[in-house]
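Here's a quick tour of a protein fold for anyone just getting started. Have a look at the sequence and the 3D view, then read the notes alongside them.

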Amino acid sequence: MDEDIEITQDSPEPKFDHYYGDIVRKHLFFAGLVLLIAALVDKEYQSFYLFAGIFGVLIFTILAGLTSPLKRWVMVADVFVAAIMFMIFEYFAIDAFYKYENFSDTIFLIRQFLAVIFLITLYFSTKTVRQIGK
């Protein structure tokens with residue numbers, strides 16, 4: 001048995017030294033909630049938010065619920081989704097900054113906040129995939 005894996009009687013799942021699925025799960029769920037709020041505030045990309053709000057929040061919630069140290073494919077999916085969503089919202093944030101030229105604009109802040117949430121999710125999900133892949 002690997003020395004990085006510890007199985008306890010309290011938990012049926014193995015414990016990994018660098019498993020961050022709980023953090024990833026919370027961030028995905030939180031990103032879904034923020035995305036629903038952004039759909040009400042950001043009128044410029046409202047059609048995108050309607051699509052991402054419906055399907056994205058559904059996908060984030062399903063991925064958050066499936067995240068487990070025993071399911072490497074879900075953690076890989078978490079990495080993929082977080083990377084794509086980070087790129088989309090960072091692009092939207094930069095676009096908003098160029099249009100409004102103001103760091104305190106609400107639209108810019110919401111888009112940047114979403115990008116940061118997905119960046120943190122990407123980091124922790126990548127660390128978990130790296131650990132599970134050993």
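What follows is a short briefing on this structure, sorted by topic.

Keep in mind that this is a predicted model. The protein has four helices and two strands, and along the sequence they come in the pattern β-β-α-α-α-α. Of its 134 residues, 42% count as buried.

**The overall picture**

- Start at the beginning of the chain and you meet two strands, then four helices, as the pattern β-β-α-α-α-α tells you.
- How much do contacts link distant parts of the sequence? Take the contacts between residues at least 6 apart in sequence: 68% of them join residues at least 24 apart.

**Helix 1**

- Helix 1 has 21 residues, which should span 30 Å at 1.5 Å a residue, and its end C-alpha atoms are indeed 30 Å apart.
- Its buried residues are Gly21, Val24, Leu28, Ala31, Gly32, Val34, Leu35, Ala38 and Ala39.
- What covers those buried residues? The cover includes helix 2, helix 3 and helix 4.

**Helix 3**

- Helix 3 runs over residues 72–100, so to speak a 29-residue stretch, and it reaches 42 Å from its first C-alpha to its last, close to the 42 Å expected.
- The buried residues here include Val74, Met75, Val81, Met85, Phe89 and Phe92, and also some charged names on the list, Asp78, Glu90 and Asp95.
- Which helices do the buried residues of helix 3 pack against? They pack against helix 1 (21–41), helix 2 (46–66) and helix 4 (106–132).
- Right after helix 3 comes Glu101, and its phi is positive, near 45 degrees.

**Two residues to find in helix 3**

- Asp95 lies in helix 3. Is it buried or exposed? Asp95 counts as buried because its relative accessibility is 18%, and the cut-off for buried is under 20%.
- Setting aside residues up to four places away in sequence, Asp95 touches Glu44, Tyr45 and Arg111.
- Phe92 is in helix 3 too, and with a relative accessible area of 8%, Phe92 is buried.
- With the same kind of sequence neighbours left out, Phe92 touches Tyr45, Phe48 and Arg111.
- Phe92 and Ile110 sit 18 residues apart in sequence, and their C-alpha atoms are 9.9 Å apart in space.

**The nonpolar core**

- The largest nonpolar core has 29 residues, and the ones that touch the most other members are Leu28, Leu35, Tyr49, Phe60, Phe89, Leu114 and Phe118.
- Helix 1, helix 2, helix 3 and helix 4 each give two or more residues to this core.
- Which helix gives the largest share? That's helix 4, with eight residues.
- Pick out Leu28 as an example: beyond its neighbours within four places in sequence, Leu28 is in contact with Phe60, Leu63, Ala64, Asp78, Phe118 and Thr121.

**The largest pocket**

- How much space lies in the largest pocket? About 170 Å³.
- The elements that give two or more residues to its lining are helix 2 and helix 3.
- Helix 2 supplies the largest share of that lining, seven residues.
- Among the lining residues are Phe48, Phe51, Phe55, Gly56, Ile59, Phe60, Val81, Ile84 and Ile88.
- By class, the lining has ten nonpolar residues, one polar residue and no charged ones.

**Links across the chain**

- Thr128 has its place in helix 4. Thr128 counts as buried because its relative accessibility is 0%.
- Thr128 and Gly21 are 107 residues apart along the chain, yet their C-alpha atoms are separated by 6.9 Å.
- Apart from neighbours within four places in sequence, Thr128 is in contact with His18, Tyr19, Tyr20, Gly21 and Met75.
- Ser68 is in the loop between helix 2 and helix 3, and with a relative accessible area of 9%, Ser68 is buried.
- The C-alpha atoms of Ser68 and Tyr20 are separated by 9.5 Å, and the two residues are 48 apart along the chain.

Technical notes: Residues are numbered from 1 along each chain as its sequence is written. This is a predicted model: local features need pLDDT of at least 70, side-chain atom pairs count only at pLDDT 80 or more; totals for chains, interfaces and linings use all residues. Side-chain values use heavy atoms; hydrogens and water are left out. The expected span of a helix is 1.5 Å times one less than its number of residues. Buried means under 20% relative accessible area, exposed over 50%, partly exposed in between (1.4 Å probe, protein chains only). Contact means heavy atoms within 4.5 Å. On a 1 Å grid over the protein atoms alone, a cavity is a set of points where a 1.4 Å probe fits but cannot get out, and a pocket is an open set with protein on both sides within 12 Å along at least five of seven lines; lining residues have an atom within 4 Å of a point. Grid points are joined across faces, edges and corners, and a volume is the space filled by probe spheres set on the points. A nonpolar core is a set of buried Ala, Val, Leu, Ile, Met, Phe, Trp, Tyr and Cys residues joined through side-chain atoms within 4.5 Å.
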